[in-house]
Amino acid sequence: VTAFPDQSALRDRVAVVGVGSTRQGAHPGRGQYELALDATREALADAALDKSRIDGLLGAKQFDGSGIDPVEMAKLIGLNPRVTGALDYGTGGFTTQYAAMLIATGACETVLCVYGRNPAGAMTQLSGEITYDERFGLFNAGAVAALGWSRHMALYGSTEEALGRVVVASRAHAARNPNAAFRDPLSLDDYLAEEHLVWPFRELDICKMTAGAVALILTRAERAAESPQPPVLMHAVGRQQATRTLEDDGHLLCHGMRSVASHIYGASGLGPEDIDVLGISDASSAAVLMTLENYGFCGEGESPALLADGRIEPGGALALNTDGGQLSGGYLVGWLHQAELVRQLRGEAGERQVEGARLAQYMTTGRFRQDFLSTIYRRGEA
Amino acid sequence: VSGFRLQRCLDCGHVRHPPRFACPECLSERTEEVPISGAAVVHAFVWYLRPLREGSPPTPYNVTVAELAEGPRLVTTTVGVDIGELAVGDALEAITDDDGDRTQLTFRRIG
């Protein structure tokens, strides 16, 4: 039995009542604040809230300092929030956790979380452009995930086909999402025919930069009835950083996730078998496989077998990244996953709807495998 | 590889890398430097088949995470092997590679 912090002050106290998202892909001539405002308008209309109700505004930064500055965003929409903030590495789940802290402690009542970007090379540039080691040429965050997969292959006899199944399924899901960035069909043979980029990865294993935005409005659960949509409640959230990196034996296999799993399942009394829809942060294909193992959706080393019979394809037993994820839907550092899970729990995911979805779980790897977080969302009573 | 040394804690004996002023296990600042044995194993590796940016080493090249016999893991490269010849768990020995600018620690496969 692993100890975990008590979370009763948070459980079901915070609701997502508004969601907005743009089409993902290329948006020539449209800046990140314009895209962020598009998503914000949609989220406000979705929540049926006047902007004056927003008393907290969270943006997010990326590792290079770019991002949505919440003060600029507040000026843009003409607000004096009680609190503005932006995490210095604000992927989607970390920012909604921050919003929930503000709401659960009474610092704010209704928080707008918004992120958008329009990077150079949208649709073509690889994500994760960072240099880990100049001397030996360890370039790109995807290469660190590839290092992890080389270890997985050696320890468990796993193959590149498992990576391919993740990529192929993401394309099949994206084909059912009109706002997805990469919707062309892709077969496992197509995947395997591509040359390696950073063995054991092909270019298809690393997500590409895309332009787009997401806005989410969170409020106290008691106020959720004022919005027309079925409320989506934050049921549990856990985070574990992994600052020791290579000094920990399991660093390259993301074993820090196991601590998050203990926390979130311990706090909620739920387990992987209870979850109806999964959103897994997929900056690389291998991240999906390691996440499934570390959270206990299968045993250690068993993720390739879990995927082998089409289980994560559309209509499969494991509903995972139903919007196409970051590999095919669009790379907005985890923000799109929040939007998709909320829509699934409301029952408004259209062609990709998971019937009767009640519980959804987001699982992410942030800050280049040094920061793990998971959120369980629960459908509330309308 | 005589020029390469590792920090070892004088209080608890923990060998650490990268260098820092205190031991991350017992927080002692009492430190000695010890020569590395040069023995290591492949912890993980990748092969770059195309250059990902300017200033890349000539492709194909590998990046190896080597686990030293003393415990620490470090990012390096294994020289003298082709794609398909390197595997996790392979025994390595340290060599120095003088690229004209500076001397760096690289490895070659043994056995």
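# Close-up views of a predicted two-chain model

**View 1. Strands β1 and β2 of chain B pair in the antiparallel sense.** In this predicted model, strand β1(B), residues 5-9, and β2(B) are joined over two bridges. Zoom in on Q7(B) and you will find its bridge partner in β2(B), R16(B). The wider setting is an open sheet of three strands in chain B, ordered β2-β1-β3 with antiparallel pairing. Which strands stand at the edges? They are β2 (15-16) and β3 (31-35) of chain B. Each has a single partner strand, so one side of each is left without a neighbour in the sheet.

**View 2. Two cis peptide bonds appear in chain B, from H17(B) to P18(B) and from T59(B) to P60(B).** A word of background helps here: most peptide bonds are trans. For the bond from H17(B) to P18(B), omega is near 0°. P18(B) belongs to the loop that links β2 and β3 of chain B. For the bond from T59(B) to P60(B), omega is near -5°. Look for P60(B) in the loop between β4 and β5 (61-68) of chain B.

**View 3. Chain A and chain B meet in a contact built from 28 residues of chain A and 29 residues of chain B.** F136(A), F139(A) and L246(A) make a good trio to display, as together they supply 26% of the area that chain A buries against chain B, more than any other three residues. Between them, the two chains bury about 2,700 Å², with 58% of it on carbon and sulfur atoms.

**View 4. Five salt bridges are counted between chain A and chain B.** One salt bridge to pick out joins E247(A) to R20(B), whose closest N and O atoms are 3.1 Å apart. Polar contacts across this interface come to 14 residue pairs, with both residues at pLDDT 80 or more. Which elements of chain A give two or more residues to the side that touches chain B? They are β6 (131-133), β7 (138-139), α4 (141-156) and β8 (196-199). Of these, α4(A) gives the most, with six residues. Sorted by class, the side of chain A that touches chain B holds 14 nonpolar, five polar and nine charged residues.

**View 5. Strand β8(A) is joined to strand β4 of chain B.** The two strands run antiparallel, and two bridges join them. In chain B, the strand covers residues 39-48. For a handy place to centre this view, try V198(A), which stands opposite Y48(B) in β4(B).

**View 6. H173(A) is a buried residue in helix α5 of chain A.** Helix α5(A) covers residues 160-174. How much relative accessible area does H173(A) have? The value is 4%, which is under the 20% cut-off, so H173(A) counts as buried. Setting aside residues up to four places away in sequence, H173(A) touches I312(A), E313(A), P314(A), L320(A), N321(A), T322(A), D323(A) and G324(A).

**View 7. S328(A), in helix α10 of chain A, has a relative accessible area of 0%.** S328(A) is therefore classed as buried, the cut-off being under 20%. Helix α10(A) takes in residues 325-329. Which residues are in contact with S328(A), leaving aside its neighbours within four places in sequence? The list is V167(A), S170(A), R171(A), A174(A), A180(A), A181(A) and F182(A).

**View 8. Helix α8 of chain A is mostly covered, with 10 of its 10 residues buried.** The helix covers residues 285-294. Buried residues to label include S285(A), A287(A), L289(A), M290(A), T291(A), E293(A) and N294(A). Just after α8(A) comes G296(A), which takes a positive phi of about 85°.

**View 9. D12(A) and A48(A) have positive phi values although neither is a glycine.** These are worth a look because most residues other than glycine have a negative phi. The phi of D12(A) is about 60°, and D12(A) sits in the segment before β1 (14-21) of chain A. The phi of A48(A) is near 55°. A48(A) is found in the loop between α1 (32-47) and β2 (56-61) of chain A.

Notes
Residues are numbered from 1 along each chain as its sequence is written. Chains are lettered from A and ligands numbered from 1 in the order in which they are written. This is a predicted model: local features need pLDDT of at least 70, side-chain atom pairs count only at pLDDT 80 or more; totals for chains, interfaces and linings use all residues. Side-chain values use heavy atoms; hydrogens and water are left out. Contact means heavy atoms within 4.5 Å. Buried area is the accessible area (1.4 Å probe) that two parts lose on being put together, summed over both. A salt bridge is a side-chain nitrogen of Lys or Arg within 4 Å of a carboxyl oxygen of Asp or Glu. A polar contact is a pair of N or O atoms within 3.5 Å; within protein, one must be able to donate a hydrogen and the other to accept it, and residues adjacent in sequence count only if both atoms are side-chain atoms. Helices (H or I, at least four residues) and strands (E, at least two) are DSSP runs, numbered from the N terminus. Ala, Val, Leu, Ile, Met, Phe, Trp, Tyr, Cys and Pro count as nonpolar, Asp, Glu, Lys and Arg as charged, and the others, Gly among them, as polar. Two strands pair if DSSP finds at least two bridges between them. Buried means under 20% relative accessible area, exposed over 50%, partly exposed in between (1.4 Å probe, protein chains only).
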